Structures are given as C-alpha cells and as structure tokens.
Amino acid sequence: MAYQGAMASYTQSPTDPDFVQNPYPFYERVRAEGPLHDWEDYGMPAAFSHEAVNAILRDRRFGSQCPPELAPPVPAHIADFHRVDDMSMLALDGAAHKRLRGLTLRAFTSRRIAGLEPEMATLAHTLVDAFPQGEAFDLIPAFATHLPAIIIARLLGVPEDMAPQLLDWSNTMVAMYQARRDRTLEEAANSAAADFAAYIRSHAEARRTSHSDDLISELLQAEEAGDRLTMDELIATCILLLNAGHEATVNTTGNGVVALSEHGNAPHWLTPDRVEGTVEEIMRHNPPLHIFTRYALEEIELYGRHFARGDQVACVLGAANRDPAVWSDPDVFDPSRPVRPNTSFGAGAHFCIGAPLARLELRVSLPILFQRCPNLRLAEPPRYADLYHFHALERLMVTV
Ligand code: HEM
C-alpha cells in the first residue's frame, strides 16, 4: 500500500492474495485518513466510511448508469451480456428504474416471501439428512448453495432440475462484476447470458398460455397504471432475480458458519429471540459483496472533491460496516451488539429488494444447521476465493 500526500491516494491490488484473504486491515488504514480517497488500482475515488458510503448511495446526483453520451461502445464479444445486464433495474436510474422496480415489487411481495418459510425449513432438514458422516465435506455445495438456489428457482417457477444449469449460467455471468476479468471470462459470460435469456424467453412464452401462481406468471401479469414489462425487461428481471437471488446468500451462509464456529456456542446465538440480531451481525461483520460503483450524473462537490458528469466513485460496503464511528470494536464478531443499519444490502434507490428473502433464508437455515449438527467443526482454515468484489469462500470443509 502506498500513501501519497494530503488528498490521499492508495494502491492496493484487489487480486493481491493477502488482501483477498483479509481486506479489512487495508480498509481500516485508509478509513482512518478520511472518508474518500483515490484507489489507484480502480482509477477512481472510493468511499470507506459508513457516512460517506450511505451518503453517496442515497444521493440522486449519483447514478448506476453511465451517462449515455459518455458510455464507451460495447465490444461485440460482450454484446449479449450487455443486452441483458443494461436492461436490469440494477443498471437503471430515475423513472426507468422506478418503473421496473415497482412492477417487480408488485409480484415480489412480502406475503409471497413469508409463505416460503416452511419450505425453507423442510429443505434445510433434507440437506442436513444427506450430509456425509465421519468425513470432512464442503458445506458450500452441500448446504449453502442448495437452499437459496432451489428457493429462488421455485419462487420464479423454473423447474428445479434446471437449478444446476441456472447456477452455472449465473456463476459465469456474475464473474463480470469481479476485479479480475479477462477475455476468456467475458466470452463465457456473454454466451451464458445468451443461453440464459433464450431459456427464460421460451419458459415465459409457455407461461403466457399456461398460468400458474409463480413469480414469472405474476411478472407477466404485473401491471401498474396500464404499464407492463416488455419480454426483454422480463428476461432481464428474471435473470437478475435468479443471479442476485442466490449468489450473495450462499456466501453469507458460508461467512456466517465460519463466524459462528470460530466465535463458539453457536446454538446460543441462534435461538428464536437472538437469531435476528445474529444474522444482522453476520451481514455487518463479513458481507459477501464489498464494492458497488456509481457515476456522477452532474457536477458535484463532495468531501472536498470535484466530480464531473460521468466520473465514477466506488462505495466500499465492506469498509463502511466496520467503521468505528458507528460500531465499537468493529472487527469483533459480536452477535449481542445492538443492531444498527449496515450497508450490506446497499442504501437508497437500489436497496436490495431481496433483503427480506435473504434474511429469512439465513434465519431459518442457520439454526437448523447448528441444532442438527451440534458437533459441526471447521476441518481446515477457511480460504477466500480470488473473486473480489465478492468476499466468498473457496470452499468450507467441515465435519459434523
Ligand atoms: C445476503 C444476501 C444479499 C445481499 C448481501 C445483497 C446485496 C445487495 C446490494 C448491496 C444491492 C444494491 C446494489 C447497488 O446499490 O448497486 C442489491 C440489490 C439487489 N438485490 Fe440483493 N442482496 C442479497 C440477496 C438478494 C436476493 C435473495 C435477491 C432476490 C431474490 C436480491 C435481489 C436484488 C435485486 C433485484 C437488486 C436490485 C435492486 C435495484 O436495483 O433497485 N438480492 N442487493
């Protein structure tokens, strides 16, 4: 890490092995110097304090979409990826974002989500039943991945036997959001996006005639003031829900199992009266998504810095969540601490619409896991994958 002068500028490769394993010491050093600094490796300023991350995510003068006149042309080899990605609500601002988010929320209701709780519990028990006994195994595929992947497939009404294929498309596509990106990875993401879109299109076309009460059917019907999703918007929304609907939850489950195992006495922290606070502390202490970026949509002065239209800024959620201005001993995993809003689900216009679903999955699955497996132990030190901006375990070998 190099520090250069008053308007601080830092270098820190996001693929440096030590950083990948533990990015928090870097965050701490930089945050101690002030809320916003240039992160050379990204070629943009980054916000590290809780206050600054929150302020930027809530500031409508910043947006998720590059101003069109400044957007670089999309290279042909990732055109299919962008056709899907650029149309998703995550990439839109203002009225276009509000419209897509509003129509999606008409189908993605809290009643529908709460209704999934018994299914989640049954699924968690079934997965625990199948754990190998007497030998170490990887808890990520055996438990963490399965539950959110099956639930989101069921919610959308996509056949469950498609889950492995959906996971494959999703993993290949979301690799586009990590710092380490190359041509091979881009081409794979592009063809995954094309295949995924073709699949959802044919599935949704079939649903038009054979109605069901799943989310895809609801999205086809969702209407607000005579307005409906187009087929391309529906495809982009379904792919976003399928991808966002499991990746981060898988990694939070993994990070949570590590924290609870290392902290000890897990069942105590997962009783019905404590589980909510424990899940929030898991989310705060070691979130699965560490960076989201925004574009300045106009001239902005912020934290002594001038932004021209189109300038980018990174919001480091992982750093904001350990800001000592908000949490005492922020590096300590302490499920008993009072819950204060953290930034793991974002803030402002793009605040995660899956937060109630993710929270419910974690509140249901973690207690079942630790009650059913009171002897759960890590079989090796956890290792994080070289996938920053994701903070995701490579594997999680355990014995039960
Ligand atoms: C622990 C699990 C999860 C975490 C940590 C997480 C985190 C986030 C974050 C940080 C954002 C905001 C991104 C931004 O501001 O640019 C976001 C947005 C979003 N998330 Fe999640 N998420 C999780 C689970 C889910 C689930 C289960 C779903 C859906 C089923 C979901 C669907 C979405 C969608 C659709 C958006 C875009 C909202 C918008 O642009 O208005 N997420 N999520």
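**Ligand shell and a small sheet**

Colleague: Where is the place of cysteine 352 in this model?

Modeller: The model is a predicted one, and in it cysteine 352 is also the residue whose SG atom lies 2.3 Å from the iron atom of the ligand, as its single donor from the protein. Its place in the chain is the loop between α17 (317-320) and α18.

Colleague: Which residues come nearest to the ligand?

Modeller: Side-chain N or O atoms of histidine 97 and arginine 101 are each 2.7 Å from an oxygen atom of the ligand, and for histidine 350 the corresponding distance is 2.6 Å. Of the 28 residues around the ligand, those that come nearest are His97, Arg101, Arg294, His350 and Cys352.

Colleague: Which element gives the largest share of the shell around the ligand?

Modeller: The shell divides into 18 nonpolar, eight polar and two charged residues. Among the elements, the largest share is three residues, and these come from α14.

Colleague: Which residue in β15 stands opposite leucine 378?

Modeller: An open sheet of three strands runs in the order β5-β15-β12 with antiparallel pairing, and its edge strands, β5 (137-138) and β12 (377-378), each pair on one side only. Two bridges join β12 to β15, which spans residues 397-399. Opposite leucine 378 stands a residue of β15, valine 398.

Methods. Residues are numbered from 1 along each chain as its sequence is written. This is a predicted model: local features need pLDDT of at least 70, side-chain atom pairs count only at pLDDT 80 or more; totals for chains, interfaces and linings use all residues. Side-chain values use heavy atoms; hydrogens and water are left out. A residue is near a molecule or strand if one of its heavy atoms lies within 4 Å of it. A polar contact is a pair of N or O atoms within 3.5 Å; within protein, one must be able to donate a hydrogen and the other to accept it, and residues adjacent in sequence count only if both atoms are side-chain atoms. Helices (H or I, at least four residues) and strands (E, at least two) are DSSP runs, numbered from the N terminus. Ala, Val, Leu, Ile, Met, Phe, Trp, Tyr, Cys and Pro count as nonpolar, Asp, Glu, Lys and Arg as charged, and the others, Gly among them, as polar. Donors are N, O and S atoms within 2.8 Å of the metal (3.2 Å for Na, K and Ca); water is not among the atoms, so sites may look incomplete. Two strands pair if DSSP finds at least two bridges between them.
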